[in-house]
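I pulled this one up to check confidence, a pocket and the nonpolar packing. Notes follow in the order I looked.

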Amino acid sequence: MALTTHHPPPVPPGPARTRAGRHAGARRRRRRRATALLYVLPALLPYTLFAVLPALHTAYLSLFDWDGVTLPSFTGFANYRKVFSDPQLRAAAWHAGALVLFFSVLPIFIGLVSAAIAARRSGRRGTAAVRTLLFLPQVVPLVAVAIIWRWVYAEDGTLNQLLRAVGLGRFADSWLGSFTWSLPAVGLIGTWVVAGLCMVLFLSGTQRIDQEIYEAARMDGAGPVREFWSITVPLLRPEIAVALSITVIAALSSFDLIYITTGGGPGNSTVVPGILIYRLAFGGGQVGLASALAVVLTAVISIAVLVINRLAREAP
Amino acid sequence: MTTPTPVRTVRGLAAPVVLTLFCAAVLVPFLSLLLASVQPAGTP
């Protein structure tokens with residue numbers, strides 16, 4: 001079989017050649033861009049339809065006073081002014097901030113400690129079981145989690161029974177019905193759910209850390225606590241940033257857990273922006289104000305995630 | 001020649017104790033669910 005080789009046609013010398021080459025290059029680039037767009041299209045189309053367009057529509061609705069039924073009337077930025085001045089909305093923002101402590105700070109600390117211990121004990125009997133057990137809350141649907149914890153926190157629930165069993169019955173309370181304890185009680189459910197995820201993230205990070213660093217530290221006389229603060233925590237910075245981003249988003253956008261456990265009550269003591277958006281849009285007939293709050297919440301979450309990632313990159 | 005028996009110090013026990021506490025905290029709600037599910041209907 002004869003092989004034929006393809007020779008490119010001779011290119012004319014001088015300015016004509018340069019022009020022809022430029023045209024061919026531009027055509028190639030355009031074709032490559034079109035091919036790339038075609039590859040992205042199956043994901044881009046539904047994302048635009050179901051995420052970008054509804055978000056833009058929400059931003060548009062936030063400029064109107066609308067009850068969801070009658071004709072909307074344009075009010076400009078009045079809804080945004082109300083978001084920043086209404087005391088109930090400000091209280092919801094404070095509650096969301098408090099939830100960050102329970103959804104982010106506590107789980108990250110618990111995750112770091114458990115990951116550090118599990119990494120030191122890797123290969124020993126029971127460590128894999130402990131890892132699986134701590135991750136278990138993450139695989140349970142949040143609705144089921146909320147129902148389980150309602151039983152735990154009930155007047156005759158497990159927590160109060162445990163307190164009575166150890167002679168601390170005077171501390172027994174209706175945890176989800178208390179103005180003082182309902183927010184920490186709901187927050188601790190978040191800690192229970194998220195801590196396992198943080199641990200798994202940090203455990204994968206500890207596999208990356210060179211064991212020689214620990215050995216060198218041990219030779220210098222460092223104990224487990226010193227190793228944790230001086231080696232594990234600084235070297236897990238990228239994982240901590242990821243965990244912080246995920247958990248801060250979970251805290252600020254929390255809805256289902258609070259809706260099922262307390263519904264925002266008692267009074268407004270556990271109201272968070274998510275609950276308020278739902279109440280305003282579907283109960284209060286204030287779709288415009290709810291949309292403005294949703295836009296502000298989205299902006300706050302985006303800024304928080306950007307700041308976390310920037311800090312994680314810039315830290316020495 | 002005999003090999004020395006490892007002695008478990010209080011410090012050595014700290015890690016297992018912490019892990020056990022975490023596991024207990026995770027398990028309590030599941031056990032409460034289990035207990036609730038074996039109660040006869042109508043029992044508070």
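**Confidence, packing, pocket**

I started with chain B: its mean pLDDT is 74, and 61% of its residues reach 70 or more. This is a predicted model, so I noted the global scores too: ipTM is 0.71 and pTM is 0.79.

Next I looked up the largest nonpolar core. It has 53 residues, and L112(A), V145(A) and F202(A) are the ones with the most contacts inside it. I checked which element gives the most to this core, and it is α7(A), with 11 residues. I also found a second, separate core of 23 residues; V271(A), I277(A), A292(A) and L293(A) are among them.

Back to V145(A): what does it touch, leaving aside neighbours within four places in sequence? I get P137(A), V140(A), I189(A), W192(A), V193(A) and L257(A).

W192(A) turned up again when I went to the second largest pocket, which has a volume of about 510 Å³. There are 21 lining residues, and W192(A) is one of the closest to the pocket centre, along with W149(A), L188(A), A25(B) and V26(B). So which helices supply at least two residues each to that lining? From chain A I listed α3 (87-120), α5 (142-153), α6 (158-165) and α7 (182-206); from chain B I listed α1 (10-38).

Last, I sorted the lining of this pocket by class. I got 18 nonpolar and 3 polar residues, with no charged residues.

How values were computed: Residues numbered from 1 in each chain as written. Chains lettered and ligands numbered in written order. Predicted model: local features only at pLDDT ≥ 70, side-chain atom pairs only at ≥ 80, totals over all residues. Heavy atoms only, no water. 1 Å grid on protein atoms, 1.4 Å probe; cavity = no way out; pocket = protein on both sides within 12 Å on 5 of 7 lines; lining within 4 Å. Points joined across faces, edges and corners; volume = space filled by probe spheres on them. Helix = DSSP H or I, 4+ residues; strand = E, 2+ residues; numbered from the N terminus. Nonpolar A, V, L, I, M, F, W, Y, C, P; charged D, E, K, R; others polar. pLDDT = per-residue confidence, 0-100. Core = buried A, V, L, I, M, F, W, Y, C linked by side-chain atoms within 4.5 Å. Buried < 20%, exposed > 50% of the residue type's maximum accessible area, 1.4 Å probe, protein only. Contact = heavy atoms within 4.5 Å.
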